[in-house]
Amino acid sequence: MLGSTHGTLTTDSRRARVIACGEQPAPAVHGRPAATDDLDVSGRPLYAGVPDLDRFFRPESVAVIGASDAEGRPNTGITRQLLSWAERVGARLHPVHPTRQSVFGISCVPSVADLPEQVDLAVLLVSDPLPVVEELAEAKVKFAVAFASGFAETGAEGAAAQARLAAAVERSGLRLLGPNTNLNAFERFRDDLDGPAIALITQSGHQGRPVFTMQELGVRLSHWAPTGNEADLETADFISYFAEQPEVGAIACYVEGLKDGRAFMLAADRAARRGVPVVAVKVGRTETGARTAASHTGKLTGADAVVDAAMRQYGVIRVDGLDELQDTAALLARARPLSPDGVVVYSISGGTGAHFSDLATEAGLPLPRLSDAKQAELHQWIPEYLDVANPVDNGGHPVGDWRGRKIIDAILDDPAVGVLICPITGPFPPMSDQLAQDLVDAAEQTDKLVCVVWGSPVGTESAYRDTLLGSSRVATFRTFANCITAVRAHLDHARFTASYRSPFDEAPRTHSPSYRKAQALMRPGQQLSEHAAKQLLRAYGIRVPREQLVTSAAAAVRAAGLVGYPVVMKASGAQLAHKTELGLVKVGLTSASQVRDAYRELTDIARYEGVSLDGVLVCQMVDPGVEMVVGVTQDELFGPTVTVGLGGVLVEVLRDTAVRVPPFGEEQARAMLDELRGRALLDGVRGRPPSDLDALVEVVLRVQRMALELDGELAELDINPLMVLPRGQGAVALDAMAVCR
């Protein structure tokens, strides 16, 4: 679908194309051919090089194709801005126009072939960039930018045009930004700001404005990549590049759609390895948002739960609003690594402290109670009747004199404290001026994080504009919610990077012995019977009940004797689903007569319902446990995904599931269980024993291996229920459904 609708190919489509030609899939990996070791067992890349974009952002020479200085022409304003930008970055600019001798006093050449030197960057101010791309290839131009719209964002015809453009770019060897992009990469960035910077990536230029204008609040920005329709260069390329830049402290993204799921994962993995935070707004949570995004950039937004899971796996911090994007990215860019993670709320008002603490605790921030010794120390300067356990209420007056700094230093000196947050709901000069200065001075002398919430709606006060915003060490917010979101993101990212191990390093590269057994069971384009699906599970070492497939009542009685009473009997057929609703399951049969009667009843129901059977299963009856579901589905952007959740007949009602995108390790498999609302059931409730979590995790990992190895052959797998028995007793797949591609 993506290839025909949006002019690009998913990973699966690329693999299918080379397999159809009789070749082994060996995709190029950002500028170098993929070796066997660069591919996982599904044929997807395990490595992505970093595109060298230095000459894009800091070119030595620039060609402007379609340059103009005619009044009233759109190209004139763009040319003027590019001239100003080229001067700032020290680049030589060459106007190109077939009929002009000069543009803004600079000699103009008629074509790309007439350029006086090989240029680093070509800016295409033409409605059809395709012919120009071919000329640029002959001139060995490194980068090009296409502003023209009317491509994949407009529908099928535009998508076809974009596909032709992408193919031409791939042949040419140059790298293209756009089409349907803008001038954001060539904005005026302030060079008088210090500290780590934010690098910005946006598919919609306007949506990056709030982050870009944070420079006026003293937050440094280093780059802006407006990716547009991403016919070539994509969000993943810029994440990989920015993660390697020493001045970048955080990467802020506005994403409407991902071009390739694996490319995004590899880029996020690179950032995670280097500890560079990535903060993203990703639209498409709702059907309306997804539809709007597709019409805007021609991108497939992907199933939101899968996108969310992939981001979580690689530490990408997903936020909802542009205000959250700017505040969270700013904090993560400038904050130093944390050792203790305790948060202390310090306020001049008991009401403010209580309100903020409620919100912070609900959001999961750790607010430790200060020790008795620390409280006694604080009461040297704060009246005894005020609570200083956390939040710390100083009563107001101490902030106006020498006591204010003593209190702040004492809190920051506590070894359990890593973050000090001071909410100031409104200015109260001169004491608020002194408080702001004390916070700034203390922040300059500590590695711990100092945050201020300046709640005044005015925002023109000197304490805010000059003192707080003038400090690169104090993180200043305007709302409680954004402060809490940013601090939580900082703590979460610190924990994530401290224990991060790339799953790509351990991803399987060769098929397991299970693969050949599984292949023999696959039936292209068909749904397997329960019996065949369970054989598939058994091939991968997943435990199933003792069972036999029979085709007569007499055989059913013999099978029951071998399996051992009591037994369960089920109709088994290739296209049979929802057996319980049709009455095609009989439970707790304890005698030969019950087995004979059950066989006849099951076959009669199947005949009446017009269901074709391959037989009746006589199964071991497994002791009760916690019913779970583990499954595999295919995502258009990311390929196979693995789901785990509460199972049984209410699985579609409860919808309590967690998703991961392979490859992932045991830690992520356990994290999936922690995301479930019904997680407590596995720990044992109402006197029930704890479940065998190790066995459940092992099933999830074995299903992941199956999903990777059978990626081109298995469309869907559903183990429901997977009966997770008490600790030490394992897990048994009571039922399974598998659909072949």
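Q: Before we look at any strands, what makes two strands count as a pair?
A: Two strands pair if DSSP finds at least two bridges between them, and strands themselves are DSSP runs (E, at least two residues) numbered from the N terminus. This is a predicted model, in which local features need pLDDT of at least 70, side-chain atom pairs count only at pLDDT 80 or more, and totals for chains, interfaces and linings use all residues. Residues are numbered from 1 along each chain as its sequence is written, while side-chain values use heavy atoms, with hydrogens and water left out.

Q: OK, so how many bridges join β1 and β5?
A: Strand β1 (residues 61-65) and strand β5 (residues 121-124) are paired in the parallel sense over 4 bridges, and A63 has A122 in β5 as its bridge partner.

Q: And which sheet order do they sit in?
A: They belong to an open sheet of 5 strands with parallel pairing, ordered β2-β1-β5-β6-β7. Because β2 (92-96) and β7 (175-177) at the edges each have a single partner strand, one side of each is left without a neighbour in the sheet.

Q: Switching topic, is β24 mostly covered or exposed?
A: Strand β24 (residues 639-646) is mostly covered, with 8 of its 8 residues buried, where buried means under 20% relative accessible area, exposed over 50%, and partly exposed in between (1.4 Å probe, protein chains only).

Q: What does β24 pair with?
A: Strand β23 (residues 626-635) runs antiparallel to β24 and is joined to it by 8 bridges, with V629 opposite G645 and a hairpin of 3 residues connecting the two strands. Strand β25 (residues 657-660) is also antiparallel to β24, through 4 bridges, and there V642 stands opposite R660.
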